[in-house]
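Colleague: Before I use words such as "buried" or "edge-to-face" in my notes, could you take me through the reasoning behind them?

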Amino acid sequence: MFQYLSDNYENAAKKELGKDYPKLQKADKRTPLLVWYNNINKKDQTLFEKQMRRKVHYVIKPEYLWRSIVEMVRTQDNELLNTLEKGFKYIENESFKSTFQGLFSEINLNSEKIGKTYPDRNAKLCTIISKLAEGIAQFSTDSDILGDAYEYLIGQFAAGSGKKAGEFYTPQPLSDILSHIVTLDSQDPKNGKKKKLKKILDFA
C-alpha cells in the first residue's frame, strides 16, 4: 500500500509540476521531487503541498517516498527504520481530513520479531524491502495490478453475498457503457465523443 500511494503521489506531482519536474540522469538515484524541493523556497513548497492535498488528498514528503526508501536500502542507511516510521506517521497525520488515519497502525517496526536491537531491525528491514523492491520491479507498470485485484475480489464478494452486497459493486461492463454514454455529444451522438467535458453529475 505504501509503495502504491508513493507512486501515485509521484505521478500526480509530475503532472502538477509539468516542465518544472526535474529530469535526472539514469545514474542519479535521487528522487526528482527531492531535487525540486531542494531548489525552491519554503513558501513554494507549502503552496505545492496545498495543491496536492486538494488534488490527491494527501502529501508525502520526498524523503518518505518509496523510491527514497529503496535508495536508503541500497546504501544500507542506518536511519532507514526511523525514516520509515516518520514516513508512516506523516502519511497518516497529514492526509486530507485524516483519510489515512491508522493505515499503518498494524505495522510494528520495533517488534523484537524483526530484531532485538535497532541495528538488527534496521538490517532486517533493508533485506525485506530489498526483496520487495526486486519483486515489484518484475511487474508491468502498464496496468493497475492493485486496482484489478481489488475489483476482482469485491466482485467475488458481491456475487457470493446475495442482493445486499450488489450495492457496493458496479460490474465493469456497466461502468464502461455509462462512460461511453456520458462522453458522447448529447446534442448529436453521431458526432462521437466530446473532446472535453466541463462537468459531470454522478447520480449515484
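Modeller: What follows is a set of questions about the terms, each answered by setting a value against its definition.

Modeller: This is a predicted model, in which local features need pLDDT of at least 70 and side-chain atom pairs count only at pLDDT 80 or more, while totals for chains, interfaces and linings use all residues. Residues are numbered from 1 along each chain as its sequence is written, and side-chain values use heavy atoms, with hydrogens and water left out.

Colleague: Why is S6 called buried?

Modeller: Buried means under 20% relative accessible area, exposed over 50% and partly exposed in between, with a 1.4 Å probe and protein chains only. S6 has a relative accessible area of 0%, so S6 is buried.

Colleague: What makes the link between S6 and W66 a polar contact?

Modeller: A polar contact is a pair of N or O atoms within 3.5 Å; within protein, one must be able to donate a hydrogen and the other to accept it, and residues adjacent in sequence count only if both atoms are side-chain atoms. The side chain of S6 reaches the backbone nitrogen of W66 at 2.7 Å.

Colleague: How do you know that the length of α1 agrees with what is expected of a helix?

Modeller: Helices are DSSP runs of H or I with at least four residues, and strands are runs of E with at least two, numbered from the N terminus. The expected span is 1.5 Å times one less than the number of residues, so the 16 residues of α1 should span 22 Å, and the end C-alpha atoms of α1 are indeed 22 Å apart.

Colleague: Why is the pair of W36 and Y37 called edge-to-face?

Modeller: Rings of Phe, Tyr and Trp (its six-membered ring) pair if their centres lie within 6.5 Å, and planes under 30 degrees apart count as stacked, over 60 as edge-to-face and the rest as tilted. The centres of W36 and Y37 are 5.8 Å apart and their planes stand at 70 degrees, so this pair is edge-to-face. W36 is buried at 12%, and Y37 is buried at 6%.

Colleague: What makes the pair of Y9 and Y58 tilted?

Modeller: The centres of Y9 and Y58 are 5.8 Å apart with 40 degrees between the planes, which makes the pair tilted. Y9 lies in helix α1 and Y58 in the loop between α3 and α4, 49 residues apart.
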